[in-house]
Amino acid sequence: MKKLRRCIRLIALILTLLLLVPMGYSAYSLVVYGTRWRTSEYNTYLRSQKSAVTAGSILDRSGVVLASTGEDGNRTYAADAAVRSAMVHVVGDSRGNIKNAVESFMTEYLYGLKMSFTERLTQLARNGTLRGDTITLTCSSELSAYAASQFPKGKSGAIVVMNYKTGELIVLESFPNYDPTTTARVSSLMALNHATRWLSAPGSTFKIVTLASALQNLPGVTTRTFQCSGLVDFGSSLRMVSDYGGGAPRTLSLRAAFLKSCNSTFSMLAYDLGDSRLRQTAADFGIGDDFTFRDLVVENSSFANSSAPLLGADLGWTGVGQNELQLTPLHMCMIASAVANKGVMMEPRLLLRAETALGNMRTGYEAKVYKRVLSAEVAQ
């Protein structure tokens with residue numbers, strides 16, 4: 001009989017755990033990924049809300065109207081065609097071509113999901129209709145349009161400008177772009193936000209991470225001299241690390257090697273550091289993190305395809321920003337900004353403020369530290 005009772009208690013415990021685990025994960029998902037769930041195209045409540053509420057306007061940081069809803073209920077975009085194209089990957093379009101743009105990712109403000117019952121009654125009593133919040137972004141449409149005009153025609157890429165002290169995104173450009181008012185088909189390349197979703201080897205910009213790792217882990221590295229030889233042979237003629245354009249061998253200080261962006265020097269630094277130390281510094285800078293920012297979705301970066309230690313030329317090429325590294329342009333901007341900010345990486349933000357249709361402040365800008373990536377001394 002005692003054995004039977006123990007079995008019953010054990011079964012009850014297992015069943016309880018089976019119920020608690022999914023409930024716990026659901027609660028965790030709502031806290032961490034709440035915005036993603038609320039703005040999902042599968043959210044039936046959101047779909048009904050969109051039909052009952054007039055979408056609020058989207059403004060840039062200077063008050064320029066980037067998107068608004070006309071009297072006919074149709075969504076209209078900035079009057080300046082250059083601004084429309086420059087801001088399309090941030091704002092989005094009425095057809096939903098840009099995934100996780102403001103038009104979709106901030107629907108909780110634009111379509112009044114944050115309105116209280118009292119606020120709804122007051123709006124209906126005053127205006128007879130419901131209108132969502134007006135949101136102001138951190139971006140400058142003027143600077144974005146200028147940046148877009150300087151980008152090489154016919155090329156793909158991104159431009160990111162961020163206030164390194166606050167995390168405010170001033171420019172978040174993706175190319176190729178397009179006019180959101182067009183009725184033509186938008187290709188997948190045009191719809192891709194290269195600033196936040198395009199993963200690629202970052203090249204020499206990654207030398208910031210390699211240098212930070214060397215300063216932290218290699219005693220006396222600042223007083224050493226390095227051979228910028230143009231070519232480093234790691235034991236296989238097929239896997240050499242070369243400098244762009246070759247060049248005559250020369251002896252450089254660490255500072256000069258960084259300024260000259262010498263591949264051979266940084267490949268040897270990576271070799272001296274070894275996989276574990278370089279990989280740890282990369283992790284300190286957020287490579288491998290699960291990015292869950294409040295205002296935008298950013299693809300996660302990665303150091304290598306596997307956890308197996310990198311050796312030889314694979315490690316050397318990683319030190320200069322190649323091999324299997326995969327980072328977004330926005331993440332590289334965060335890394336550079338963290339160095340400028342004395343080792344503190346800020347969370348990138350797009351929302352400057354949200355105001356209700358009744359003229360009240362819904363939310364204001366709140367800077368948030370993402371993480372400390374290195375000491376102020378090393379950053380200096």
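Partly exposed, in what follows, means a relative accessible area between 20% and 50%, with buried below that range and exposed above it. By that yardstick Arg197 is partly exposed, because its relative accessible area is 32%. Keep in mind that this is a predicted model.

Arg197 makes a good way in, since its side chain meets that of Glu299 in a salt bridge, 3.9 Å from N to O. Arg197 belongs to helix H10 (residues 194-197) while Glu299 sits in the loop between H13 and helix H14 (312-319), so this contact ties together parts that are 102 residues apart in sequence. Glu299 is partly exposed too, at 29% relative accessibility. Elsewhere, salt bridges that share partners join Arg294, Glu347, Glu366 and Lys368 into one network.

How many salt bridges are there? The count comes to 14. In general, side chains of opposite charge can pair when their charged atoms come close. Arg362 and Glu119 are one example, with their closest N and O atoms 2.8 Å apart. Arg362 lies in strand E13 (residues 361-364) and Glu119 in helix H7 (residues 117-127), so the bridge connects parts that are 243 residues apart in sequence. The two partners fall into separate burial classes: Arg362 is partly exposed because its relative accessible area is 23%, and Glu119 counts as buried because its value is 10%.

Glu108 and Lys114 form another bridge, again 3.9 Å from N to O. Here Glu108 is the buried partner, with a relative accessible area of 7%, and Lys114 is partly exposed at 37%.

Now have a look at helix H13, which covers residues 263-284. Its 22 residues would reach 32 Å in a straight helix at 1.5 Å a residue, yet the end C-alpha atoms are only 23 Å apart. Where is the kink in H13 centred? It is centred on Gly274, and the angle is about 105 degrees. Just after H13 comes Gly286, which takes a positive phi of about 95 degrees. Gln280 is also part of this story, as it is found in helix H13. At 46% relative accessibility, Gln280 counts as partly exposed. Gln280 and Ser213 are 67 residues apart in sequence, but their C-alpha atoms are 8.5 Å apart in space.

A similar sort of contact involves Gly63, in the loop between strand E1 (58-59) and strand E2 (65-69). Gly63 and Thr136 are separated by 73 residues in sequence and by 7.3 Å from C-alpha to C-alpha. Gly63 is partly exposed, with a relative accessibility of 41%.

On to the aromatic rings. The count of aromatic pairs comes to five. Why is the pair Phe291 and Phe293 stacked? Their ring centres are 4.9 Å apart and their planes meet at 25 degrees, and planes under 30 degrees apart count as stacked. Both Phe291 and Phe293 are buried. Ring pairs also bring in Tyr370, so that Phe291, Phe293 and Tyr370 are linked into a cluster.

For something nonpolar on the surface, turn to Leu143, Tyr146 and Val161. These residues form a patch with about 270 Å² of accessible area together. Val161 is found in strand E5 (residues 157-162), and its relative accessible area of 34% makes it partly exposed.

Last, some backbone details. Most residues other than glycine have a negative phi, and most peptide bonds are trans. Against that background, the peptide bond from Phe175 to Pro176 is cis, with omega near 5 degrees. Pro176 sits in the loop between strand E6 (169-175) and helix H9 (188-191).

Which phi value does Asn100 take? Phi of Asn100 is near 65 degrees, a positive value in a residue other than glycine. Asn100 has its place in the loop between helix H4 (81-91) and helix H5 (102-105), and is partly exposed at 35% relative accessibility. Lys342 is not a glycine either, and has a positive phi of about 60 degrees. The loop that holds Lys342 runs between helix H15 (329-340) and strand E11 (344-346). Lys342 counts as exposed, because its relative accessibility is 58%.

Terms used:
Residues are numbered from 1 along each chain as its sequence is written. This is a predicted model: local features need pLDDT of at least 70, side-chain atom pairs count only at pLDDT 80 or more; totals for chains, interfaces and linings use all residues. Side-chain values use heavy atoms; hydrogens and water are left out. Patches are made of residues with over 30% relative accessible area and no salt bridge: like charges are joined within 9 Å, nonpolar side chains (Val, Leu, Ile, Met, Phe, Trp, Tyr) within 5 Å. Accessible areas come from the Shrake-Rupley method with a 1.4 Å probe; for residues, only the protein chains shown count as cover. A salt bridge is a side-chain nitrogen of Lys or Arg within 4 Å of a carboxyl oxygen of Asp or Glu. Helices (H or I, at least four residues) and strands (E, at least two) are DSSP runs, numbered from the N terminus. Buried means under 20% relative accessible area, exposed over 50%, partly exposed in between (1.4 Å probe, protein chains only). The expected span of a helix is 1.5 Å times one less than its number of residues. The bend at a residue is the angle between axes fitted to the seven residues ending there and the seven starting there. Rings of Phe, Tyr and Trp (its six-membered ring) pair if their centres lie within 6.5 Å; planes under 30 degrees apart count as stacked, over 60 as edge-to-face and the rest as tilted.
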